[in-house]
Amino acid sequence: MGEKTSRNLHEAFVGEAKAHFRLLAYAEKAEEEGFPQIAALFRAVAEAERVHTIRNLKLLGEVVVKDTEANLQASFQREEKASGVYYPQFIREAEEEEDRRAVISFSQARDVEEGHAALYKHALRHMLADTTPVYYVCEVCGYVAEIEAPERCPVCNAPREQFRQVA
Ligand SMILES: [Fe+2]
Ligand SMILES: [Fe+2]
């Protein structure tokens, strides 16, 4: 693939992914403000941007999506960088600016990313396991639990009802 096209596909992938989530937030706001018809429009376009995201990603194919072992390895490294480099810096800067909500959000994300790294590491060692685990994701902080949802989230203390099952 040409260098420019590969760079543009990557840029389009990131831009469309951001648009997807931004539009979902706009839809939520429109719902809150009593504009359900506008919320529906934002959700429809958000879905379209999701389609674009996946399409760009598929074309990027071999550049981004490698074999599963390599994907686990890359995901593990990204989580380590997020929890060890990026979030610690974000936390320091939020503390400097005395933004308590950002400090809490970044701190919980850092702890959660550590957990994700551990899950990937474990999966790398057990790639040939013949049982498919069930995971439960905390919808508040993103903590991932295996087998069953905890009574309370160990990172953000959210109750069990906040966990969503992913298989
Ligand atoms: Fe993560
Ligand atoms: Fe949580």
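1. Which glycine takes a positive phi in the hairpin of β1 and β2, and how many residues lie between the strands? In this predicted model, the residue concerned is glycine 142, with a positive phi near 90°, and the hairpin has five residues between its two strands.

2. The two strands joined by that hairpin, β1 (residues 135-138) and β2, are paired in the antiparallel sense over three bridges. Within this pairing, tyrosine 136 of the protein chain is found opposite alanine 145 in β2.

3. β1 also pairs with β3, again in the antiparallel sense, and here over four bridges; in this pairing tyrosine 135 stands opposite valine 166 in β3. Taken together, the strands form an open sheet of three, in the order β2-β1-β3 and with antiparallel pairing. The edge strands are β2 (144-146) and β3 (163-166), each of which pairs on one side only, and the twist from one strand to the next averages 30°.

4. What distinguishes the two faces of β1 as regards burial of the side chains? Tyr136 and Cys138 point to one face and are buried, whereas Tyr135 and Val137 point to the other and are not buried. As a general matter, side chains in a regular strand alternate between the two faces of the sheet. The two tyrosines may therefore be read together with their partners across the sheet: buried Tyr136 stands opposite alanine 145 in β2, while Tyr135, which is not buried, stands opposite valine 166 in β3.

5. On the scale of the whole chain, the protein is divided into domain 1 (3-63), domain 2 (67-129) and domain 3 (131-167). The C-alpha centres of domain 2 and domain 3 lie 16 Å apart, and eight residues of domain 2 are in contact with seven residues of domain 3. On the side of domain 2 that touches domain 3, the residues divide into four nonpolar, three polar and one charged.

6. Turning to the helices, α2 (residues 36-60) comprises 25 residues and reaches 36 Å from its first C-alpha to its last, which is close to the 36 Å expected at 1.5 Å a residue. The buried residues of α2 are Phe42, Thr53 and Asn56, and these buried residues pack against α1 (3-32). Following α2 comes glycine 61, whose phi is positive, near 25°.

Definitions and conventions
Residues numbered from 1 in each chain as written. Chains lettered and ligands numbered in written order. Predicted model: local features only at pLDDT ≥ 70, side-chain atom pairs only at ≥ 80, totals over all residues. Domains from an automatic or database assignment. Contact = placed C-beta atoms within 7 Å. Nonpolar A, V, L, I, M, F, W, Y, C, P; charged D, E, K, R; others polar. Pairing = 2+ DSSP bridges. Axes fitted to C-alpha atoms, helices over the stretch in contact; angles between N-to-C directions. Expected span 1.5 Å × (residues − 1). Buried ≥ 20, exposed ≤ 12 C-beta atoms within 10 Å, placed from the backbone.
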